[in-house]
Each structure stands twice: as structure tokens, then as C-alpha cells.
Amino acid sequence: MEVFSTEKIYDFMRKRFAFLGLSSILFIASIVLLFTKGLNFGIDFAGGTIVQVKYEQVAPIDKIRDTLKATKYGNSIITKFGSDEEVIIRITGSSSDLTNDISDEMHKILVPTGKFEIRRIDMVGAKVGGELREKGLMALSLSLIVMLIYLSFRFEWRFAVASVFALVHDITIAMGAICLFSVEVNLDILAAILTLLGYSLNDTIIVFDRIREQIQTSKVNDLKEIINESVSKTLSRTTLTSLTTLFVVATLYFFGGEIINGFSFTLLVGIIVGTYSSIFIAASFLVQLNFSIDDFRIKESEKIKRQKEKEKLRAMYEQGTV
């Protein structure tokens with residue numbers, strides 16, 4: 001057996017079925033959550049109105065709820081927002097019947113609840129919310145398709161399929177966590193999901209690039225051995241990059257405030273899952289897809305041969321011998 005280097009090589013492939021089993025459980029659980037509990041769509045996608053109110057004293061949530069019940073806003077959802085003094089009033093459903101002076105109207109309604117100021121009002125119609133939801137889903141689908149096409153040209157097709165499998169794995173589990181913790185899904189969450197697509201794919205490509213290089217330079221014919229060596233060599237880079245990013249996102253989550261909590265939570269889960277899949281899952285898909293080292297080496301040799309022939313013809317043309 002060839003000795004690759006003095007670096008420690010971890011046998012990731014020996015436990016690949018355990019990792020794939022864990023991922024399958026998380027993946028299936030996420031699918032079940034998405035179909036049973038469903039996503040908690042915010043006003044960006046469901047339509048409605050958000051009113052952010054700050055009180056001079058502790059916000060009397062029960063009194064606010066009782067006051068609104070006597071009005072057309074009786075179906076509103078009242079929750080704390082960042083501190084005990086601030087609340088968010090969510091008026092669900094269509095906002096087509098709401099007038100432009102809703103700020104004045106809410107001022108009049110909430111007068112009995114204490115001294116306060118209205119800091120923000122966001123309104124989105126149900127039709128606009130539906131369009132945003134459809135375009136968001138389209139953006140996610142097109143991103144996956146374009147990535148698959150790009151990877152098919154960049155790598156052998158099994159690399160491309162394995163990369164997309166890993167991406168679907170990461171995004172599904174991240175959305176399962178969003179569903180489990182009832183995180184409000186809005187445009188910020190969509191931005192976080194699209195960010196995770198790029199982040200996770202970047203890690204996977206680095207691992208696959210090392211596997212491809214190792215196949216070309218090594219005489220070893222055992223795919224599992226090559227994967228173990230390649231993943232082990234990229235392990236420190238993957239871990240350090242993920243940890244530094246994780247520290248930044250964790251800081252945003254704990255100290256960034258309620259407004260970006262959903263965004264940072266999605267990134268937090270996605271980075272953890274994406275790093276795990278890059279190390280333990282993505283390369284395992286290559287083994288499951290029966291990737292052939294011999295066939296890959298033959299294709300690469302033919303590609304190099306064609307490239308050399310083109311360079312030779314170009315050199316002859318420049319010298320005037322053709």
C-alpha cells in the first residue's frame with residue numbers, strides 16, 4: 001500500500017453507513033416536520049401587517065390582547081420583541097382592508113394600554129406575499145439546477161450528483177430546524193438559505209477537488225482509501241473556516257437582536273450541517289454511486305492527450321509549419 005504522507009489519515013469511510021444512517025434520520029424527520037407542522041411564513045410570504053410598539057414600562061401583553069379583541073384586529077398575534085418593553089403585533093391575512101392611516105388608528109386603540117410609541121409598520125398584501133413565495137421557491141430550484149449544470153462541466157457527473165445530494169441534504173435539514181423551532185420564514189430566511197447553498201457547495205468542491213487530484217497523482221485504486229486521505233488533508237482547512245464563520249454567526253445570533261435572529265439561526269444550523277456533510281456525507285455518495293477510478297483516469301488521460309494535441313497544433317501554426 002502506498003504511503004501518501006506523514007499526516008494522520010482518518011478512516012471516515014469505515015463508518016460511512018453510520019453517518020449516512022444519522023443523516024437519513026435527520027433528513028426524514030425534517031421532511032415529516034415540513035409536511036406535518038409546516039413552515040411559519042411571515043408577512044413577506046403570507047401577507048398581513050406588523051406593528052412594532054415600544055412602551056415606557058413593561059409591555060402589558062394581556063391588556064393589549066384584550067384591547068385588540070374588541071376591534072377588527074382581534075385575530076392579532078402579540079409577542080415580545082427583544083426586551084420586555086417592546087412588542088410585535090402581527091395582523092395576519094390580507095391587508096387590503098387596512099387604510100394607510102393604520103398608525104393613527106393603532107395609536108387610538110392602544111391608548112388605554114399605557115405610554116408607548118409605534119416604531120415600525122410593515123404591510124404586505126396576500127397577493128404580493130404569494131408572488132414572493134413562488135419566486136423564492138423558483139430561485140432556490142434554479143440555483144440547484146445551475147449548480148448541477150456547472151458541476152457536470154467542472155467534474156465527472158457523479159461528482160455533480162453527489163454535490164447536489166449533499167446540498168439537498170443540508171438545505172432540507174436546515175429547513176427542518178426552522179420548522180421545529182417555528183422560526184418565521186421571510187425574505188431574510190430565503191437569503192440565508194441561498195447563502196448556505198454557496199457556502200456548503202464551496203466546502204464540498206474543495207473536498208472533491210482534492211479527491212480528483214489524488215486520483216490523478218496516486219497509483220492507489222481503492223476509492224475509499226483515496227477519499228479518506230483527501231478528506232483528512234482538507235480537514236484542518238474545513239474545520240478552521242467553519243469555526244471562524246460559526247463564531248461570527250453565533251455572535252450575530254446572541255447579540256444581533258430580534259430582527260436578524262431568524263437569519264443568523266438559519267446560518268448557524270446550516271454551517272454546522274454543511275460542515276458535517278462536507279466531511280462525512282458528500283464523499284460517501286461517490287461510493288454509493290459506484291464511482292470508477294479506472295474510468296475516470298482513462299477520461300482524464302484522453303482529455304490531457306487532446307489538450308496536448310491542441311497545444312502542438314497551435315505551436316505549429318504559430319511557427320508557420322501548418
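In the counts by class used on this tour, Ala, Val, Leu, Ile, Met, Phe, Trp, Tyr, Cys and Pro are taken as nonpolar, Asp, Glu, Lys and Arg as charged, and the others, Gly among them, as polar. The model on screen is predicted.

Begin with the whole protein chain in a cartoon view, where 10 helices and six strands can be picked out. Aligned along the principal axes, the C-alpha atoms fill a box of roughly 90 × 50 × 30 Å, and the radius of gyration is 27 Å, whereas a compact globule of 322 residues would have one near 20 Å. If you colour the chain by accessibility, 43% of the 322 residues count as buried. With the surface switched on, the accessible area comes to about 17,600 Å², and 61% of that area belongs to carbon and sulfur atoms. Among contacts between residues at least 6 apart in sequence, 80% join residues at least 24 apart.

Next, select I50, R90, E184, N186 and E258, which, of the 34 residues lining the largest pocket, lie nearest its centre. The space in this pocket is about 810 Å³. To see where the lining comes from, add strand 1 (40-41), helix 2 (43-46), strand 3 (77-81), strand 4 (83-92), strand 5 (116-124), helix 7 (187-217) and helix 9 (261-288), each of which supplies at least two lining residues. Coloured by class, the lining of the largest pocket shows 16 nonpolar, 10 polar and eight charged residues.

Now move to the second largest pocket, which holds about 520 Å³ of space. Its lining has 23 residues, and L39, G136, L137, L140 and M175 are the closest to its centre. Show helix 1 (16-36), helix 5 (126-154), helix 6 (157-180) and helix 7 together, since each supplies at least two residues of this lining; helix 5 gives the most, with seven residues. By class, the lining of the second largest pocket divides into 19 nonpolar residues, three polar and one charged.

Finally, centre the view on L137, which lies in helix 5. Is this residue buried or exposed? Because the cut-off for exposed is over 50% relative accessible area, L137, at 56% relative accessibility, counts as exposed. For a last selection, add L190 and draw the distance between the two C-alpha atoms: L137 and L190 are 53 residues apart in sequence and 8.9 Å apart in space.

Methods. Residues are numbered from 1 along each chain as its sequence is written. This is a predicted model: local features need pLDDT of at least 70, side-chain atom pairs count only at pLDDT 80 or more; totals for chains, interfaces and linings use all residues. Side-chain values use heavy atoms; hydrogens and water are left out. On a 1 Å grid over the protein atoms alone, a cavity is a set of points where a 1.4 Å probe fits but cannot get out, and a pocket is an open set with protein on both sides within 12 Å along at least five of seven lines; lining residues have an atom within 4 Å of a point. Grid points are joined across faces, edges and corners, and a volume is the space filled by probe spheres set on the points. Helices (H or I, at least four residues) and strands (E, at least two) are DSSP runs, numbered from the N terminus. Buried means under 20% relative accessible area, exposed over 50%, partly exposed in between (1.4 Å probe, protein chains only). The radius of gyration is taken over C-alpha atoms; the globule rule is 2.2 Å times the number of residues to the power 0.38. Contact means heavy atoms within 4.5 Å. Accessible areas come from the Shrake-Rupley method with a 1.4 Å probe; for residues, only the protein chains shown count as cover.
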